[in-house]
Structure formats: structure tokens, C-alpha cells
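Trainee: I am new to this structure and would like a close look at one part. Could you walk me through the place where the two chains meet?

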Amino acid sequence: VNIKIDRDGGVVVYTGASEIGQGSDTMTAQIAAEVLGCSLPRVRVIAADTDLTPIDIGSYSSRVTFMAGNATLRAATEVKKLIAAAAAKKMNCAPDELIFREDGVTKRNGHMGAATRGSLSRTESRGPVGQSSAPSVSGHVEGQILRGSLQQKRKEEGPKDRMTFEEAVVAAIDFHGALTGTGSYAPPQEARGGKHKGAGVGPSPAYSYSAQVAEVSVDEETGEVTVHKVWAAHDCGRVLNPVSVEGQIIGSVWMGMGQALTEEMVWKDGMLMNPGLLEYRSPSSVESPEVELIIVESIDPEGPFGAKECSEGSLAATIPAIANAIYDAVGVRLHESPFTPERVLAALRAKKNAKALNLTEGIDPTSPTRFREHGGALCFQGKGPERHALDSSQRQEPAGGAD
Amino acid sequence: LSLPDFKLLRPRSIDEAVRYLAEHAGNLRVLAGGTDLIPSMRQKLFEPQYVLDLRAVAGMRGINPQPNGVVEIGASTTLRTIERSAFLREHFPVLTEAAATVASPVLRNMGTIGGNICLDTRCLWYNQSLTWRKGCGFCIKKDGDLCHVAPGGTKCWAVFSGDTPPALLCLNAEIEIASSAGTRRVPLHDFYSGLGDNYRKLQPNELVTRVFLPASAADYRGVYRKLRVRGSIDYPLAGVAVVMKRSNGHVADARIAITAVNPAPLLVKNATELLTGKLMEEALAEAAGDLAAKTAKPLTTSALTPEYRREMIRVLTKRAVLAAAAN
């Protein structure tokens, strides 16, 4: 992560983290704003443009907040040090006596000294409140942003115990030149995947915990499973953005429900029988259950501000929760997901010793021994009609050779 | 998946439309709502030179009850209009119920009753992209000459997947077909051929223009039950429509039709004889379910296994019959 700050106080964060809807851009901006004590609207995030941004290995493995967040934290801390050094000179104090918060830099025990609860307090979710409570920027510069007059004014004023964020940034640029910072993060050696083939690439060193309860009903005649409500508790470390966390948990439950009940790639002789979203069935809004959220906070020693992750952790709990709920409701234990109606019904009929019907292509969903394939035939080798010239069984060259 | 090139024809009247049909017969596809045709054209199932857009044709929309009790429905009437019609809900509830289960609200705003009647038969080996179909060696219905569903056979088993036709069959509906030679009226059950590939008896120069619901079918209790994996969007994997009239607690008349398990929607034979005059009870409903399941011939054309879909025809028929008797 690279951070660049301009004379106007605008903070630009260049990060490789890919925003795929999970809120990583917001998270990046929040962490940068929190460290620098500036308001959120100052921060502009340029993400995942490989022409401009440093490398990030991707949005997976529950790693973006943890790793890209830590890298942002380090980059922002580096810039903060530069600003602090310059501001400390102007304010006649040591850099570590400065507090960065509410869009300004304050000397400890200065006029904002009463509020010394550290700069890392949880202002991240409150956004730009700092701007309204801090002395307004224009009051200090009286509408003038010309460098010369600003400097003149500062000379006249002499040392003081508070600078606005712009003043501090201008001072730092005057003092150091261009103001940039770089941060990167790699997990500790013992948390990495190793060098063997198949080792994890970029696993997150923090582990989240989740617990879920699902309420389902099963139609004993059709085998259809309806999920009515899911209670989802998730320990995601420090919550950086409660709204994002809630959205992620609800999304995880929904995705897990799709995996548990409907989503399956069906194959036949190497052909994917349901390559489109019409036949590969993700749940629609009709099936979406009510989700009651319980966010459990903890502080991870390695994570940015104690955050862990909020993505895959919740997902993992939904499928077993639904499987257990089905078992609780009708007493069948399925070991083949998704729990489609024909599988549930096959297990139910077997349990009741009802007349055997071949509902699942000869596979027992309670103890499957092979993957089910779609019925029919790709290549019929027996006696039949003349074959089309492009038919794959008529091909002389090896498959894929002509393509 | 891009659309192939075509010329769009936008007639303003039925006469103009059938003139285009006569002129370009065989090289033209009719577009009413486009919800079935457009995805199929993207998959290169159809690459017609001309597409005939019926949306600007006057006099093909609307639900018109006539003085003699017959209800006339324009073929371009959207499924949404039918679903929301208070008149149809009161007198032909099975039709509004079936229309309300089609796909999703967005698609029902576009899809039409005529389009639902003429819906192309579907199969997992057929409704795929050109590349996919090339990979499986094509099939009888399009470009190829063998069936993957019934290997060794020469008959196409693609399944009819419309929701409203079983309801219309129960109501003894008729349709009006126009061509440059004039118009003809056929009962809906004579419209379907029972073949997967050439599934309807419609000449290339003909156009379905109107649906008629006879006065004798009005005011039957009606129920439609549909099997699908999701509560929205999906085509039916099995569907049952039931209409029933009762007197003194006994069944006075009843009809059952099933869809999505055969290459055509079918009235269940002998269902009327089985139910008429009887007192409704669980055992009778189960007998009706067994009868419907015998009519069903599901194959591996769709998701879920054929045996399961047949079993669901049995269960859904039983439930629909009981519901029709109860409400």
C-alpha cells in the first residue's frame, strides 16, 4: 500500500486489494483516516489498478482486512511519522507528544489535552464528525490558501499547540519534500502455508469463530427444505465497520444456504450440465431467510486495530447448521450436499422403509460412495442413427487437438 | 453470447403480420415478449433472417368477456395482466394461479400468454450454448441426429415447460390461429403434437392470435401446483392444474392436467371419470395422483431425477385435488 498526501490535505491510498463488494475500499480508507486522524472524506482510495497500485494477491482466504489492512496501517504510520516530525518542530515539542485526531494535530496537554484517550479511538465508523467539532479550517487561513501568506501567518503566530491537518501536511511537505509512505504485510513465518505443492497461498494468520442456529421445515412428502430463520454469531475481532460486518454475515448465510440446498455442478462424461445461472440455482429473494446477527468482538494481537476477518467464517457454519436442523426435524443425516429435495426424500423413504424408488440415480445420500452424474448419455456407442459430422464420437484426432 | 444478426419487422396489424409470415415463412421467428426467444437466439438455437415483433400489433392485447359468456384473451396479453385480472381470478382462478407462478415478476411483465402457449420445449442437452452443444455432438432437436436423453432412440423428448397451458387445458380453451389464408380455431389439446422437436401443430406461416375460454368452464374451483427448486425464476420441473365443481359435497366435474414431464402438456385421461360423483377423501385424491403419475413420462431432460419428478406429480396432484375440494 502506498499513501501520498498533497498540499491540500487530500490523502490518496493506492492499494492492490480488490473491492468485490465486501467493502475493502471503505476499510482501507477508514484505517488510513484513523491513523492520520483526518476525516474520511479526505481519503481517496485507488484500488486494484495494476498500472498504479502495489501488488496484492487477491480477495480470498479471508485475508484482505487482515493483510491489506495491516499494510495500510503501516503505510499510514510511516506518513504520520513524517508529519509528526515537521509538526513537532513547529509546535516546539517532541513528535511523540503529538496527537492526530479530529482533522488536526494537537500537542498533548494542549488545549485539546483533556481528550487524551489516544489517537486510535474508534472514530472510524463515525466518519467526518471531526470536521464539525474542530476549529474550522477557513478560520485559520481566512480563506487564503496561498503558501506564502500561510507561512507569513504562521511566522506571525509563532509556536502553538494545535495545527489543522492541512497546516501539518504543508509543514511536512516544506520540511521533507513530497509526502509518501509505503507499507506491506506478510504473515508470520509459522502462519504461512509452506513450500510444498498444494500449500496454502496467503492464508490469514487469524482465525475467526462463528456459531449458527437454523430453523428449517421439511416437507415429508416432497423432501423440500425451507429455511425460516438463521441466528448467526460471528467473532470477527475488532469491528471496523459494523454495517459491513452485518452485510457480510447476512451474505455468508445466504451463500451457505445456496450451497446447502440448491447449488450443485452436475456433470455428465465431463460436460457441465448446468453452466448457466438458470440451471445452477442460487437462492432467490423468495428463499432468503430472516437472519438475526450477533457480532462478537475480540481483539486480535496481530490484526489491524484488533480486527480479524468477516467473510468465510460465517459461511462455514451455515451448511452444518442446516444439515443438523434437517436431522433434528425428520431424523435423516445426509452426507451429500446440496440437500436437494430428491436426496432428502430418498433418505426419508429409506428410513420409513417405503417402497424403493430410484430417486437419486442409485446413490445413497446418507453414505454416498461416488459422485452422482446426470442421466442420459454423451456418446451412444451402440447401434443408432447416423452421427453428425461434428459429433465428438466421430472425431478422429484426440479431443481438443483441432481447437 | 451475442445475438445473431437479423432484420426486425414491426407490423401494426394482424393482416400485416401474417403477410410478413407468408413472405418469409421458415426464415422468421415471432417475438412477443422475447423472454424465451432472446436467450435461445443468443445460444444460436435460432438464427432467423427476420424477427417479427408483435408488440406494435393492434388488437392483440386484453381480456374481453363477450355477451355469450366466452372470454377472449389476446395472445399478446402479458402474464402480469392475467395474474392481476380480478375478473379472471373470480371466474377462472386456475389460470391466474398458474400465470402467477411463471418465472419472476420481471419476466411476467414481458412474457405473454401466447408466448407461454407456444413456449419452445426444453432439455438440458438442448438449451445450451453453441460451443456446449458442439461438445456433446448436438442432438435431434437441433443440428444433430441422436438423443442423449433416450440413447439409441430417434424421438426427441424435450419437455414442454409452460405453466399456463395445463390450466388452459383444464378450462377446455381454444386458440385462434391466423394465416394469410384466413383464421382457424383449434382446441388447445389438439395444438400440441406430443413430439419434443416439432412440438406444436403450427405451420410456419401461421400465428396464434387469441385464446378463448368457453362459458362452460367458468366458475370452477382451480388449483395449480408447481415443482421447482427455487421459489422464483425457475421453469416448472413438474406442474399440475386441477379444476373442480362440486355439488352437495360430491365432485360434480373435475379435470386434471400436467406439464413439464412430457413433450406436451396433457390432460390426465379418465381423471374426470375417476372423480365425478365421488365424495372427496384422501384415498380418492391418492388414486388421482397415481393416475396422473402414470400419464407422466419424465426423462433426464431437466434438473432433479426423473423418478423424483414422477413421484412429485403424484404428490402434487393429490394435494391439488384436495385443495380444490377444500377451497
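**Where chain B meets chain A**

Mentor: Happy to! Let us start with the polar side of the meeting: between chain B and chain A there are 14 residue pairs in polar contact, counting pairs with both residues at pLDDT 80 or more. That confidence limit applies because this is a predicted model.

Now look at which parts of chain B take part. Helix 8 (130–135) and helix 12 (306–326) of chain B each bring at least two residues to the side of chain B that touches chain A. Of that side, helix 12 of chain B gives the largest share, with eight residues. Sorted by character, the residues on the side of chain B that touches chain A are 19 nonpolar, twelve polar and eleven charged.

Charged residues bring us to the salt bridges. By the rule used here, five salt bridges cross the interface of chain B and chain A. A good one to find on your screen joins the side chains of Glu311(B) and Arg349(A), with 3.1 Å from N to O. Glu311(B) takes part in that salt bridge, and its number falls within the span of helix 12 of chain B, 306–326.

Next, the extent of the contact. Chain A contributes 44 residues and chain B contributes 42 residues. Interface size is often expressed as the accessible area that is lost when the parts come together. Here chain B and chain A bury about 3,600 Å² between them, and 60% of that lies on carbon and sulfur atoms. Three residues are worth picking out: Arg230(B), Thr305(B) and Tyr308(B) supply 16% of the area that chain B buries against chain A, more than any other three residues.

To get your bearings in chain B itself, turn to one of its sheets. Five strands make up an open, antiparallel sheet in chain B, in the order 4-5-8-6-7. Its edges are strand 4 (63–65) and strand 7 (182–187) of chain B, each of which pairs on one side only. From one strand to the next, the twist averages 25°.

Follow the sheet to its strand 7 edge. Strand 6 (residues 174–179) and strand 7 of chain B pair in the antiparallel sense over six bridges. These two strands of chain B form a hairpin, with two residues between them. You can trace the pairing residue by residue: Ala178(B) stands opposite Thr183(B) of strand 7 in chain B, while Glu174(B) has Pro187(B) of strand 7 in chain B as its bridge partner.

Methods
Residues are numbered from 1 along each chain as its sequence is written. Chains are lettered from A and ligands numbered from 1 in the order in which they are written. This is a predicted model: local features need pLDDT of at least 70, side-chain atom pairs count only at pLDDT 80 or more; totals for chains, interfaces and linings use all residues. Side-chain values use heavy atoms; hydrogens and water are left out. Contact means heavy atoms within 4.5 Å. Buried area is the accessible area (1.4 Å probe) that two parts lose on being put together, summed over both. A salt bridge is a side-chain nitrogen of Lys or Arg within 4 Å of a carboxyl oxygen of Asp or Glu. A polar contact is a pair of N or O atoms within 3.5 Å; within protein, one must be able to donate a hydrogen and the other to accept it, and residues adjacent in sequence count only if both atoms are side-chain atoms. Helices (H or I, at least four residues) and strands (E, at least two) are DSSP runs, numbered from the N terminus. Ala, Val, Leu, Ile, Met, Phe, Trp, Tyr, Cys and Pro count as nonpolar, Asp, Glu, Lys and Arg as charged, and the others, Gly among them, as polar. Two strands pair if DSSP finds at least two bridges between them. Axes are lines fitted to C-alpha atoms, for helices over the stretch in contact, and angles run from 0 to 180 degrees between N-to-C directions.
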